[in-house]
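Trainee: Got a minute to go through a model with me? I'd like to talk about the fold and the ligand site.
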Amino acid sequence: MQTNFTTAQLADPHVAESEKILRKCVHCGFCTATCPTYVTLGNELDSPRGRIYLIKDMLENSRPADKEIVTHIDRCLSCLACMTTCPSGVNYMHLVDHARVHIEKTYRRPLMNRFTRGVLAAVLPYPTRFRAALKLARLGRPFAGAFDKIAALKPFAAMLRLAPASVPAASAMASPGSHAAKGTKLGRVAILTGCAQPVLEPGINEATVSLLNRLGIEVVVPRGEGCCGALVHHMGREGAALDQARQNVDAWMREIEQDGLDAIVITASGCGTTIKDYGFMLRLDPAYAEKAARVSALAKDVTEYLATLDLPEPQRKPGLTVAYHSACSMQHGQKITRQPKELLTRAGFVVKEPREGHLCCGSAGTYNIMQPEISARLRDRKVKNIEATGAALVATGNIGCITQIASAANIPVVHTVKLLDWAYGGEKPAELPAMTLQAAE
Ligand code: SF4
Ligand code: SF4
């Protein structure tokens, strides 16, 4: 695509990067067919190609964002299906990230929209605040229907509906410390505790630590770790996102320099996509660029890391049929497609892949709160495809997808690592009803 930026505009490294991305796009439109918002709404401006034109026009003219561009960029899920489809290697992720920062700097959103985004940014990344908010949400749930009647309050109705009926107790495993390998020590990794996941489902990291320890891997929870920054990053709040990234880089670098790390294991693929991008996000910060690149290179989804280990025979053969839902951040963001399915199959599960597996479930960070209608349409389409497989349960590797799919599915939705931990001798996931297990031969 031809671009018309001035030399002065290109002196800004963010603009220069976006210009490089824009020039790769050849307008072919292949990406439109796999874009969930285009498939759902049928509007070219809600397709990757349409959004690319809008961003190009805004940046080339150094224009402040307007209502039209904000509407269509806000509807983008950042699912990155377009990047998987694009034959020209257009890095839509970095382009839309830049557009969101520009929007945040130049557009004044309506009051309630600003308030809702402010609440999400102030609460979700902090486990203590998030836990308190979920407890409050239980009390507010009867008002969800009333909130639905007022457009500006719809995100609050969505929040109330998504809040779980009960909040699990905090896990001791989320506290800083080290969990020793059982038997001969074969490796040492850090685990990201994260923000929302340990509050909603502490059992995911508990299963991960337990499984890795039994496989001979020491797992450390470094002091100073926090939210990966994805939530505010996707809101265009770059300062806050980079601060959170730097805090994590510092926490992991201390471990790397003290006792060494083989990997930084991440159990939420949404966080994995962001941490693997720290090297890019902090490339212009001379104090952090190199350290961030080192951290990104060590970041591994738990299934990606498990696939590098010499696994024993599973202790149980569950023999259950599992519909594997590949989170967008897993398949499009991190290009991890093979390992979770292979690990589940090896562990004795029968893996089915739902139709339209490339389409987002509508969770997408805070999308299911900020865009509840589109999100619900995508969720229902996803659940229909999952249930058509006839599987007894769903396996997936991202807490957002678990919450979203479980809100409409009639079968349990379980994190992949909890199923693997069970098969390799750990506890049965509490989500599963009573099931007879076959002993491994
Ligand atoms: S990230 Fe997803 S929703 Fe956004 S333009 Fe690409 S395919 Fe469409
Ligand atoms: S598929 Fe790639 S090159 Fe084609 S329109 Fe989409 S982003 Fe541009």
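Mentor: Sure, we'll take the ligand site and then the sheet. Keep in mind that this is a predicted model.

Trainee: Which residues are closest to ligand 1?

Mentor: Cys-35, Arg-51, Cys-76, Cys-79 and Cys-82. The shell has 13 residues.

Trainee: How do those divide into nonpolar, polar and charged?

Mentor: Ten are nonpolar, two polar and one charged.

Trainee: And which helices supply at least two residues of that shell?

Mentor: Helix 3 (36-41), helix 4 (48-60) and helix 6 (81-85) each do.

Trainee: What about the space ligand 1 takes up?

Mentor: That space is the second largest cavity.

Trainee: Switching to the sheet. What's the strand order?

Mentor: 1-3-2-4-5, in an open sheet of five strands. The pairing is mixed.

Trainee: Why do strand 1 and strand 5 each have one side without a neighbour in the sheet?

Mentor: They stand at the edges. Strand 1 (177-179) and strand 5 (299-301) each have a single partner strand, so one side of each is left without a neighbour.

Trainee: How much are neighbouring strands turned against each other?

Mentor: By 35° on average, ignoring direction.

Trainee: What packs on the sheet?

Mentor: Helix 18, residues 289-298. Helix 18 touches strand 4 (263-266) and strand 5. Its direction makes about 25° with that of strand 5.

Trainee: Back to pairing. Strands 2 and 3: parallel or antiparallel?

Mentor: Parallel, over four bridges. Strand 2 covers residues 187-191 and strand 3 covers 217-221.

Trainee: Which residue stands opposite Gly-187?

Mentor: Ile-217, in strand 3.

How values were computed
Residues are numbered from 1 along each chain as its sequence is written. Chains are lettered from A and ligands numbered from 1 in the order in which they are written. This is a predicted model: local features need pLDDT of at least 70, side-chain atom pairs count only at pLDDT 80 or more; totals for chains, interfaces and linings use all residues. Side-chain values use heavy atoms; hydrogens and water are left out. Two strands pair if DSSP finds at least two bridges between them. Axes are lines fitted to C-alpha atoms, for helices over the stretch in contact, and angles run from 0 to 180 degrees between N-to-C directions. Contact means heavy atoms within 4.5 Å. A residue is near a molecule or strand if one of its heavy atoms lies within 4 Å of it. On a 1 Å grid over the protein atoms alone, a cavity is a set of points where a 1.4 Å probe fits but cannot get out, and a pocket is an open set with protein on both sides within 12 Å along at least five of seven lines; lining residues have an atom within 4 Å of a point. A molecule sits in a cavity or pocket if more than half of its atoms lie within 2 Å of its grid points. Ala, Val, Leu, Ile, Met, Phe, Trp, Tyr, Cys and Pro count as nonpolar, Asp, Glu, Lys and Arg as charged, and the others, Gly among them, as polar.
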